[in-house]
Amino acid sequence: MVTPQINLVGTRFLSLTFACDLRESREVSRCVRQFLAEAQLPESDLHAWELMVTEAANNAADYATEAGRGLPNRLEVFCRDDEVEIRLTDHTAGFEMPERALLPPVDREKGRGLFLIQSLASGVEYLRGRKENCMVIRRQRPVLTVSALSATASTVAMERRLLEDEQTLQAMTEELASCYESLSAVFRFSSALNRFQQTEEFAATWMRELLMIVEADWYLLQVADPEGRELHVAVTSLPADPDYVLSLSPAPPAAESVELRAARTRQDVWFDAASPLLPGDPLFPFIQHSNGLAHPIFAEESLIGVLSVGRLSTDASFKAGQVNVIQTFADFLGVQISNARFRTEHLKAQLMTRELEIASSLQRSLLPERLPQMPGLEVAGYYQSARLVGGDFYDAIATNGHGLLLVMADVMGKGVPAAMVATIFRSHLHARPDLVERPGEFLTWLNHSLFPDLDRMEMFITAQLVFVDAAARRIRVAGAGHCPLLMATTGSTPVEVGNTGFPLGIMRDAVFSEEVSDLRPATRLLLFTDGVTDTANSNREHFGLDRLKERWRLIADRRQNASQAVQDLASVLQTFQGKEPATDDQTFLVLVNE
Amino acid sequence: MRIQTQGDTLIVTDFTELTADGGIRARDSIRQSLTDAHTTLDMDLSQVKFLDSHGISVLISLHKTMCQRGGKVRLLHPKPAVFQILQLLSLGEVFDIINP
């Protein structure tokens with residue numbers, strides 16, 4: 001027996017060859033049955049096909065010509081959805097296929113094969129050729145019964161539902177994966193937020209991670225300036241290192257930039273093959289063929305920046321889960337940038353407050369705890385620091401009972417530096433008791449000594465030194481760019497004394513002169529800084545020298561002692577100022593010669 | 001295939017196919033087992049799964065043989081598929097088909 005050659009091209013097609021032999025014919029029919037059984041044909045059909053193939057193959061074997069007997073027969077099976085077709089090629093002399101074969105007489109042994117085939121088939125053709133013939137047998141596959149149809153329908157429905165479920169499951173898995181990435185990112189971000197890092201460094205680190213997670217090729221982070229006027233490139237993975245600036249002004253030219261569109265619409269802007277980057281887009285020269293999105297980053301309604309992420313291809317767009325990760329990263333980056341800005345501002349404010357505290361403390365430590373008093377000469381001082389502490393300074397130095405040196409100075413500057421200079425000034429002042437009685441010479445020396453430091457720090461000091469000769473009842477006044485003192489005697493208008501000279505620190509070799517005045521009885525001197533005359537009210541009016549003179553005249557007329565004079569003037573200034581905060585220190589020193 | 005005598009009946013059992021392949025051999029074996037005493041030939045088809053036109057030829061040939069002896073052939077317990085073929089070929093007119 002020759003084993004039939006079976007060539008399985010697919011589950012729906014079978015081709016085999018077999019010898020002209022009845023045993024092989026039977027073998028072939030078994031193969032066909034098995035093949036069709038795998039195609040889920042019902043048993044009745046399997047039996048019919050088994051019988052039809054057997055009959056056809058038997059005929060091919062029984063009636064093969066002498067020449068054809070040595071040639072293999074060929075059988076092909078086409079199993080379609082609605083029918084099965086079999087083509088059997090034989091090498092017989094062929095025969096005329098009757099339209100309908102008749103049964104032979106019941107006692108006749110042969111002649112039933114063709115009848116069986118025609119009876120069981122839907123259609124039979126016999127194609128006769130010169131060397132070979134082909135019998136084509138077709139049989140419809142059974143129409144499914146209602147229950148079978150129902151079962152099939154429910155099977156189809158179930159398959160569809162399974163497919164949908166599978167898709168849903170896949171989407172959920174993807175979503176879950178992205179959520180995991182997001183959550184993971186959140187935790188890592190949160191952890192990183194507690195570590196101090198420069199914003200750019202922080203962003204670059206996390207953007208590199210983002211590229212890996214979402215399988216992106218590039219990113220570019222634009223950050224808005226704190227005033228929200230422009231977008232600047234903060235960090236990017238693009239090798240060309242673009243550094244263009246985008247204006248956020250309300251009336252810009254047509255927004256060809258995806259980043260600007262994202263910033264203005266507050267929505268993600270996508271670019272891909274369908275809507276590519278426009279040639280006018282600043283991003284265009286760096287990534288012409290790309291797909292991705294520009295995501296605006298907001299923190300409490302304020303635009304923080306725009307993050308653009310993409311792939312270097314116009315297809316293969318991001319999946320929903322990946323977009324979710326990008327948005328999560330961007331939003332957390334926004335929080336980081338926002339926090340960093342807040343931290344910086346808070347730090348600045350803290351530093352400022354601390355500096356002011358230091359300056360104020362330093363300033364007060366410079367002021368004398370107790371002013372020297374002499375018979376007939378009474379001294380009192382007043383110092384009120386402004387919010388931004390200035391460098392006002394006053395002092396009174398007694399000299400062996402002969403007199404005392406009144407000092408009023410104002411360091412040009414604010415905060416700690418001004419207070420430091422005031423400290424240096426004070427130490428210099430106490431270093432030369434020998435010069436106390438010669439204020440002009442004292443200023444000349446002070447200027448010369450302090451000039452290098454003042455020049456380097458680009459600061460200067462206005463000062464007024466008044467030596468009060470107790471015995472001679474005379475004053476020697478030397479000024480260095482400072483406002484003149486007011487000298488008032490009861491019943492007369494106050495006069496200005498000593499307003500000459502450069503401030504200390506302006507000219508290294510400056511020489512300061514003195515102005516000498518008699519100190520008549522019932523005279524009151526007022527040394528002050530410009531913070532007094534510059535005191536402003538809510539109408540932005542300055543207190544001014546005229547009001548000061550008038551008030552000083554009243555004080556003199558009332559013959560107030562030093563303490564009373566200080567309280568009076570301080571009260572007047574506070575009333576004038578109202579609730580307006582002082583912009584400069586208010587400092588003054590009063591000498592009363594009764 | 002098993003062939004046994006029970007009274008005047010020759011009973012053929014234990015075969016699953018009756019086809020061109022082996023049908024003639026089966027026919028000859030049965031003929032050789034027949035004696036004058038056998039008036040009935042019972043072909044037990046209960047285990048036959050496949051019967052082709054050559055198998056039918058064998059059955060008709062045996063039918064002729066039994067007729068010549070004044071006997072008959074009975075087909076016992078054919079399976080539905082086989083019974084369907086027998087009916088299709090109107091062989092109920094020829095054979096006694098018992099308990100299909």
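## A helix across a six-stranded sheet, and a two-chain model

In chain A, helix α7(A) lies across β7, β11 and β12, running at about 35° to β11(A). This is a predicted model, and that helix is a handy place to start looking around.

**The sheet of chain A.** The strands under α7(A) belong to an open sheet of six, ordered β9-β8-β7-β12-β11-β10 in chain A, with antiparallel pairing. At the edges stand β9 (245-247) and β10 (269-271) of chain A, each with a single partner strand, so one side of each has no neighbour in the sheet. From one strand to the next, the twist averages 20°. Inside the sheet, β11 (residues 291-299) and β12 (residues 302-311) of chain A run antiparallel and are joined by nine bridges. If you want a register mark there, A:L293 stands opposite A:V309 in β12(A). Helix α5(A) packs on this sheet too, touching β7 (218-224), β8 (230-236) and β12 of chain A, and its direction makes about 65° with that of β8(A).

**Helix pairs in chain A.** Here are two pairs side by side.

| Helix pair | Angle | Axis distance |
|---|---|---|
| α5 (199-214) and α7 (320-366) of chain A | roughly 175° | within 11 Å |
| α8 (415-431) and α9 (439-456) of chain A | about 150° | 11 Å |

How do α5(A) and α7(A) run relative to each other, roughly parallel or roughly antiparallel? Their axes cross at roughly 175°, and the two helices are therefore roughly antiparallel. On the α5(A) side the meeting residues include A:F202, A:W206 and A:L210, while α7(A) brings A:V325, A:F329 and A:L333, among others. By class, this contact has 12 nonpolar, three polar and no charged residues.

The angle of about 150° between α8(A) and α9(A) makes this pair roughly antiparallel as well. Their crossing is right-handed. A:I424, A:F425 and A:H428 of α8(A) make the contact with A:L446, A:S449, A:L450 and A:D453 of α9(A). Sorted by class, that gives four nonpolar, two polar and one charged residues.

**Chain B.** Chain B has an open sheet of its own: five strands in the order β1-β2-β4-β6-β7, with mixed pairing. Its edge strands are β1 (2-6) and β7 (96-98) of chain B, each pairing on one side only. The twist averages 20° from one strand to the next. Strands β4 (residues 40-44) and β6 (residues 72-76) of chain B run parallel and share five bridges, and B:D44 stands opposite B:L76 in β6(B). Packed on that sheet is α2(B), which touches β4 and β6 of chain B and whose direction makes about 140° with that of β6(B).

**Where the chains meet.** Across the interface, 18 residues of chain B are in contact with 19 residues of chain A. On the chain B side, α2 (53-68) and α3 (80-88) each supply at least two residues. Which element gives the largest share of that side? It is α2(B), with seven residues. The class breakdown for the chain B side is eight nonpolar, six polar and four charged residues.

**How far to trust it.** The predictor gives the complex an ipTM of 0.95 and a pTM of 0.44. Chain B has a mean pLDDT of 92, with 100% of its residues reaching 70 or more. Chain A averages 84, and 87% of the residues score at least 70. Go easy on residues 1-11 of chain A, where pLDDT stays under 50 and the model has 24 contacts beyond four places in sequence. Where pLDDT is low, the predicted coordinates should not be read in detail.

Methods. Residues numbered from 1 in each chain as written. Chains lettered and ligands numbered in written order. Predicted model: local features only at pLDDT ≥ 70, side-chain atom pairs only at ≥ 80, totals over all residues. Contact = placed C-beta atoms within 7 Å. Helix = DSSP H or I, 4+ residues; strand = E, 2+ residues; numbered from the N terminus. Nonpolar A, V, L, I, M, F, W, Y, C, P; charged D, E, K, R; others polar. pLDDT = per-residue confidence, 0-100. Axes fitted to C-alpha atoms, helices over the stretch in contact; angles between N-to-C directions. Parallel < 35°, antiparallel > 145°, perpendicular 65-115°, else oblique. Left-handed = near helix turned anticlockwise from the far one by under 90°. Pairing = 2+ DSSP bridges.
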